[in-house]
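Here are my notes on the model, set out point by point for someone reading a protein structure early in their studies. Please keep the structure open while reading, and look for each element as it is named.

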Amino acid sequence: MVLATLRRGCLIALVCMVGVVVLPRVSAAAGTACSAVDQSVVARVMGPTSLPVDVTRDGDPGCRLEIGDLTLEVIPNVRRAGFDRLRAAYPSRSREEIHDYVDGAFFGWGTDGSLALIAKRGDQVIALRVAGRTTTFDSVDPASNAAGGEVSGSTIGSDLWVLATDVFQRTADVESPTSNDLSGLWRATGITPCPPASTVGVRVSRFVTTGGSLRATKVAGDSCLDTGQVDFSGTIDGTRGAGLAFGSRAAATAGTPYELTVVSPVLLRLTGQAGTLRYTLEYQRLSWPGLTSSARTSSLLGIPSPTEALTPKNVALTGLLSIVLFALVVFPSTLFDSTLQANLAHYRASIAKLRSKMFPRGTRPRPPGSISLRDRPAGIVLYLLGAGALFSLMQPNWGFNAATFITFFGFVMSLVVTSGISVLATRTYLSFRYKQGAGKAAFEASTLGLAAFCVAASRFVGFVPGYLYGVVVGWEPEHRRDDFDRGRIIGFAAVLTAVIAIATWLMIPALRHFGGSNPSSLKMIPLATVSGVFVGAVNSLTIGMIPLEFLPGKILRRHNRVTWIVTWALGGFLFVLVLLRPGLVSGETRSIVGTCAIAALFGAASLIFWAYHRRRTQRRPVSPGAQSSA
């Protein structure tokens, strides 16, 4: 009995020892990076593979597979380096952005001979890297594998794209695609390339389904069809469709009939007859609406750093666009200002008359003991918070979420800093010149109208982060200032604003690293604050220095033309280079077009304003005294 009990106890102890040794290894294997990679998918897309091997890349667990002469590494969750840091590691000339895919993605080819696909969905960032050499890929120059350097349209690039989608499906809460909605990005392999191309056999197209219609437009890939041209169009009913395919520039006006079969939500087959040749193309799904997460990012977190923006191409394009905007603004502003000056008394009288009719009590003296919030600390705080809330409406997907809060905080801090510059410049100058800097801080509530106009213009043209101008708390000194004093103060404030703009821009990379990869984290507030200050300073230099009567640029130009030109040119250069981003693929074209359109509309309005007053002057009757003197 005792022996049996001892034997049973030894057996239980042995089982426990095996469990202690084996189970952690099994659970560790189940949670390894290779569990996020489906080897059968890799083999189907890129060819037979070796057994996956767990590796570590920059401190993050990954999976390595050998595919012939190619080496593929997959990091299913990059934690040590966030998406923005990885993106900044690839110069714009060695990077291609992927639009309409998850929450952000790009291809990058590095100096180590690897081609990488980095993608972000919510808080998850994945990285796929491939190196080696095959008949369709040469890691020495990955950009040469696709026309125009469009790696997304190459065989290896779209292969990585397919694998990245599979990783997201296996590791994230991704809504699966359906056959009822074919919208998204698809790729077709086996495209016969047009001369002189010989290796580009991939076409990436964007599908748009509306009711019973289906339309595909090429976005990358083969040289037979220009980007933006129709790949095919027609109608679809359930899993069947028909229409015309336009596979080359020569067929732009006469398409080839096709029949469409939806094999699965991620695979469809196009068959048709072109003369005596019967063709078959298979399209594989690269993205669909369910891949895009609901994560929202503050518009202040995407300000390009100096290393991203300061490239020869960007600077050259910025110079050309700056000249265009300069021409659209300078002459019309001069014309508008001179016309306004000639008729300023008339408009001031009209405004005073209108104000007295609309606010009759407002013209009366304020009763003794009444309180005005415009020069009270509580009123100034409410004014700045209200202005910050107004400017936060420029945030895409505005609402009760972390991105809107972060944007609001950044804009409020920007207004605090720009107001502080105005107060500091006024008090410092008057203290040095007159030994008298006493006064009070105050705001003008009517400036919220200009701020609302900037917000409306930003939303209308889709400009992110927006035109941040119109709100400032000023210093009303007890000492009376003349035009010379005002010019000196504005010049000092402009120089101080320029210094702060450059300093905050240089701080962005370090704060981006501090914030990490989670766009909703409170650690992003310092980055949003510094970015908001930068945006506010650049807008102040750009918009505020326009030489109009109601803007400080007119006074500074009259006082010191050199300071005015230098600060306005610097502000305009940073505005175009960093905010409009003409040389970056991530730059919004509509922001550039919208800004140019606003400048052109201002020019047209200035001409109309001048022509109206010129005609009004010519029609004005000549007085009898003037006739007799003549």
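1. The model is a predicted one, and a pair of helices makes a good place to begin. Helix α11, which covers residues 483-515, and helix α14, which covers residues 561-580, have axes that come within 10 Å and cross at roughly 30 degrees. Because angles under 35 degrees count as roughly parallel, α11 is roughly parallel to α14. The crossing in which α11 passes α14 is left-handed. On the side of α11, the contact is made by G491, A494, V495, A498, A501, I502 and W505, while α14 contributes T563, T567, L570, L574, L577 and V578.

2. Both of these helices also meet helix α13, which spans residues 552-559 and in which G553, K554 and L556 are buried. The buried residues of α13 pack against α11 and α14, and in addition against α6 (312-342) and α12 (525-544). A student may wish to find K554 in the structure, since a lysine is listed here among the buried residues of the helix.

3. Which way does α8 pass α10, in a left-handed or a right-handed crossing? Helix α8 (residues 377-391) packs with helix α10 (residues 447-461) at an angle of about 20 degrees, and their axes are 9 Å apart. The two helices α8 and α10 are therefore roughly parallel to each other, and the crossing is right-handed. The residues that make the contact are Y383, A387, L390 and F391 of α8, together with T447, L448, A451, A452 and V455 of α10.

4. The strands deserve a separate look, beginning with a closed barrel of 8 strands that runs β8-β9-β10-β11-β12-β13-β14-β15 and has antiparallel pairing. On average, and with direction ignored, neighbouring strands of this sheet are turned by 30 degrees against each other. Helix α4 (residues 155-171) lies across three strands, namely β8 (184-189), β9 (202-210) and β15 (277-285), and runs at about 135 degrees to β8.

5. Within the barrel, the pairing can be followed from strand to strand. Strand β12 (residues 240-245) pairs with strand β13 (residues 256-264) in the antiparallel sense, over 6 bridges. Two places to check by eye are A242, which stands opposite E259 in β13, and L244, which stands opposite P257 in β13. Strand β13 is also joined by 6 bridges to strand β14 (residues 267-274), again with the two running antiparallel. Here E259 stands opposite T271 in β14, and β13 and β14 form a hairpin with 2 residues between them.

6. What surroundings does S233 have, once its neighbours within four places in sequence are left aside? This residue is in strand β11 (residues 230-237), and at 22% relative accessibility S233 counts as partly exposed. Its contacts are with L214, R215, A242, G243, L244, F246 and Y258. S233 and T209 are 24 residues apart in sequence, and their C-alpha atoms are 9.9 Å apart in space.

7. Two loop residues should be checked for their backbone angles. Most residues other than glycine have a negative phi. D58, however, has a phi near 55 degrees, which is a positive value, and D58 is found in the loop between β1 (53-57) and β2 (60-67). V102 has a positive phi as well, near 40 degrees, and its place is in the loop between β4 (95-98) and β5 (104-109). Are these two residues buried or exposed? D58 is exposed, with a relative accessible area of 61%, whereas V102 is buried, with a relative accessible area of 7%.

8. Finally, some totals place these details in the whole chain, which has 16 helices and 17 strands. Of its 630 residues, 45% count as buried. The accessible surface of the chain comes to about 31600 Å², and 63% of that belongs to carbon and sulfur atoms. Among contacts between residues at least 6 apart in sequence, 61% join residues at least 24 apart.

Notes:
Residues are numbered from 1 along each chain as its sequence is written. This is a predicted model: local features need pLDDT of at least 70, side-chain atom pairs count only at pLDDT 80 or more; totals for chains, interfaces and linings use all residues. Side-chain values use heavy atoms; hydrogens and water are left out. Helices (H or I, at least four residues) and strands (E, at least two) are DSSP runs, numbered from the N terminus. Buried means under 20% relative accessible area, exposed over 50%, partly exposed in between (1.4 Å probe, protein chains only). Contact means heavy atoms within 4.5 Å. Accessible areas come from the Shrake-Rupley method with a 1.4 Å probe; for residues, only the protein chains shown count as cover. Two strands pair if DSSP finds at least two bridges between them. Axes are lines fitted to C-alpha atoms, for helices over the stretch in contact, and angles run from 0 to 180 degrees between N-to-C directions. Angles under 35 degrees count as roughly parallel, over 145 as roughly antiparallel, 65 to 115 as roughly perpendicular and the rest as oblique. A crossing is left-handed if the near helix is turned anticlockwise from the far one by less than a right angle, and right-handed if clockwise.
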